[in-house]
Number of protein chains: 2
Amino acid sequence: MAPDRNRRRIPDATVSRLPVYLRILGEQSAEGVESISSERLAELGGVNAAKVRKDLSYLGSYGTRGVGYEVDYLVYQIRRELGLTHDWPVVIVGAGNLGQALAGYGGFGERGFPVAGIVDVDESKVGTVLGGVRVRHIDELPQIVQTKRVNIGVVATPGSAAQEAADLLVKAGVTSILNFAPIVLSVPRAIEVRKVDLAVELQILSYHEQRRAGGSIHAVPGGTSRSATA
Amino acid sequence: MAPDRNRRRIPDATVSRLPVYLRILGEQSAEGVESISSERLAELGGVNAAKVRKDLSYLGSYGTRGVGYEVDYLVYQIRRELGLTHDWPVVIVGAGNLGQALAGYGGFGERGFPVAGIVDVDESKVGTVLGGVRVRHIDELPQIVQTKRVNIGVVATPGSAAQEAADLLVKAGVTSILNFAPIVLSVPRAIEVRKVDLAVELQILSYHEQRRAGGSIHAVPGGTSRSATA
DNA sequence: AGGCACTCGTGCACACGTTCACAAAGCCAG
DNA sequence: CTGGCTTTGTGAACGTGTGCACGAGTGCCT
């Protein structure tokens, strides 16, 4: 069954661009810009103007023909659609290198995703404070999730521990997972998972570099300093 | 006419999955598995078996009907296609929270992307050692790129400094950039850029959570223009 | 009031990606 | 050597995403 009757469905590709528009609109708003055209927004977002209009049209007809979009109103509508009208506390599993960086990165809380807790299996890490949050033992995960009403879990463990971490998150009641570990997590269908894998990104860049080299080992004579603004 | 006659072109979607297959195949090889079917590989990779076969078919016909794929041979072919037959040194710009985590994350070098250098504008950070690499001043960037033959740069600065960092990387001769800053970089067309944005990922999860809630939760004050962003 | 310049919203065609379904090809048993 | 079983490789159908082109509103100027 596929009862997508809930509401109008927004295409995945559009959903992934809305945060970009949102950030740009926020910056424009801070600079005092009150109205913006799809053309300008497209330029700032590095995309096609028609795509911007189509994307925004999924939210409803919030533009004014001949004028553009009212920045603040559009910010409000996008935030509403993305569910950013309230905070979404997150819990981080794994207080290693990455977990520490994530907890210390202030941008999390600023953008509506406060770190409700960070846990680790390693007793020696428990008690230390990262970014204002004390590391707790992983046994306390269910309690954190329940008391802080956490829906989103972040897996920042080594690959070998990631599946177990995900299992514990799911068992604790988390329904979305952001996975930094380089493995494919196996979770119930209802759980939404997104993966961020640095190695994959680098390997994709490697492919293009290799392709650029055209098979010969390398090329790229340094010195071609072309700086053009799109 | 075919614009890219260089070699058979591999679809982007396939390129982004090859690293996943590669990791799985490496693990299987380590476990002594000599042959694998598309079905099994699909299961481990969380994708469709037909997709696996089509993806691999872009590399050539390296499977044996009725049997499957020889793991080690496939590993070799994928590595070759991704340009992973030799190391790609990377340089990291920004020794803040994220830069430190990246430098400290050993997995970089292990996977063929040794950190050739890490630079920062902040004099107070210069000289400190992260993950075995000494932080150097950003003025030394061109020298690092040239002497170490670096093609890939990593932008790990705050958003406000990211464009400048990218400009410097391009000027130094880098041709691929992995961008962790939450802005859209403006670079010459020839430069390959990939973006990793944690906030975007979280906001996409937020969308699905909000959608899951069915909109029953929110009841935001219906003021005209409210909810300003910080 | 009327005309004009501007920009949104969207139908349509095309490109890209995914999945199915099946012939072709290899292996093995007897 | 033949027949049956397995699994690949790929043509074709389908679905999703992109970008053009243009009608439809809107506001400004005369």
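1. Polar contacts across the protein interface. In this predicted model, the rule finds 24 residue pairs in polar contact across the interface of chain A and chain B, both residues being at pLDDT 80 or more. A polar contact is a pair of N or O atoms within 3.5 Å; within protein, one must be able to donate a hydrogen and the other to accept it, and residues adjacent in sequence count only if both atoms are side-chain atoms.

2. Composition of the chain A side. The elements that each supply at least two residues to the side of chain A that touches chain B are α1 (12-30), α2 (38-45), α4 (71-81), α5 (97-104), β9 (176-179), β10 (192-195) and α9 (198-212). Helices (H or I, at least four residues) and strands (E, at least two) are DSSP runs, numbered from the N terminus. The largest share, 15 residues, comes from α9(A). By class, this side holds 38 nonpolar, 23 polar and 18 charged residues, where Ala, Val, Leu, Ile, Met, Phe, Trp, Tyr, Cys and Pro count as nonpolar, Asp, Glu, Lys and Arg as charged, and the others, Gly among them, as polar.

3. Extent and salt bridges. In all, 79 residues of chain A are in contact (heavy atoms within 4.5 Å) with 78 residues of chain B. The two chains bury about 7000 Å² between them, 61% of it on carbon and sulfur atoms; buried area is the accessible area (1.4 Å probe) that two parts lose on being put together, summed over both. The rule finds 2 salt bridges across this interface, a salt bridge being a side-chain nitrogen of Lys or Arg within 4 Å of a carboxyl oxygen of Asp or Glu. One of them joins R194(B) and E201(A), at 2.4 Å from N to O.

4. Symmetry. A turn of 180° with a shift of 0.0 Å along the axis lays chain A on chain B with an RMSD of 0.0 Å; the two copies are therefore related as by a two-fold rotation axis. The superposition is by least squares on the C-alpha atoms of residues with pLDDT of at least 70 in both copies. The same surface serves both copies, as 87% of the contact residues of chain A recur in chain B. Of the residues of chain A, A101(A) comes closest to the axis, at 3.0 Å (C-alpha).

5. DNA strand C. This strand is surrounded by 26 residues, the closest being S38(A), R53(A), Y69(A), K51(B) and R65(B); a residue is near a strand if one of its heavy atoms lies within 4 Å of it. Sugar and phosphate make up 67% of the strand C atoms that come within 4 Å of the protein. The side chain of Y69(A) places an N or O atom 2.7 Å from a phosphate oxygen, while an N or O atom in the side chain of R53(B) is 3.3 Å from a base nitrogen. The largest share of the surface near strand C, 4 residues, comes from α3(B).

6. DNA strand D. Here 27 residues surround the strand, the closest being K51(A), K54(A), S38(B), R53(B) and Y69(B). Sugar and phosphate account for 63% of the strand D atoms within 4 Å of the protein. An N or O atom in the side chain of K54(B) is 3.1 Å from a base nitrogen, and a polar side-chain atom of N48(A) lies 3.3 Å from a phosphate oxygen. α3(A) gives the most to this surface, with 4 residues.

7. Conventions. Residues are numbered from 1 along each chain as its sequence is written, chains are lettered from A and ligands numbered from 1 in the order in which they are written, and side-chain values use heavy atoms, with hydrogens and water left out. Local features need pLDDT of at least 70 and side-chain atom pairs count only at pLDDT 80 or more, whereas totals for chains, interfaces and linings use all residues.
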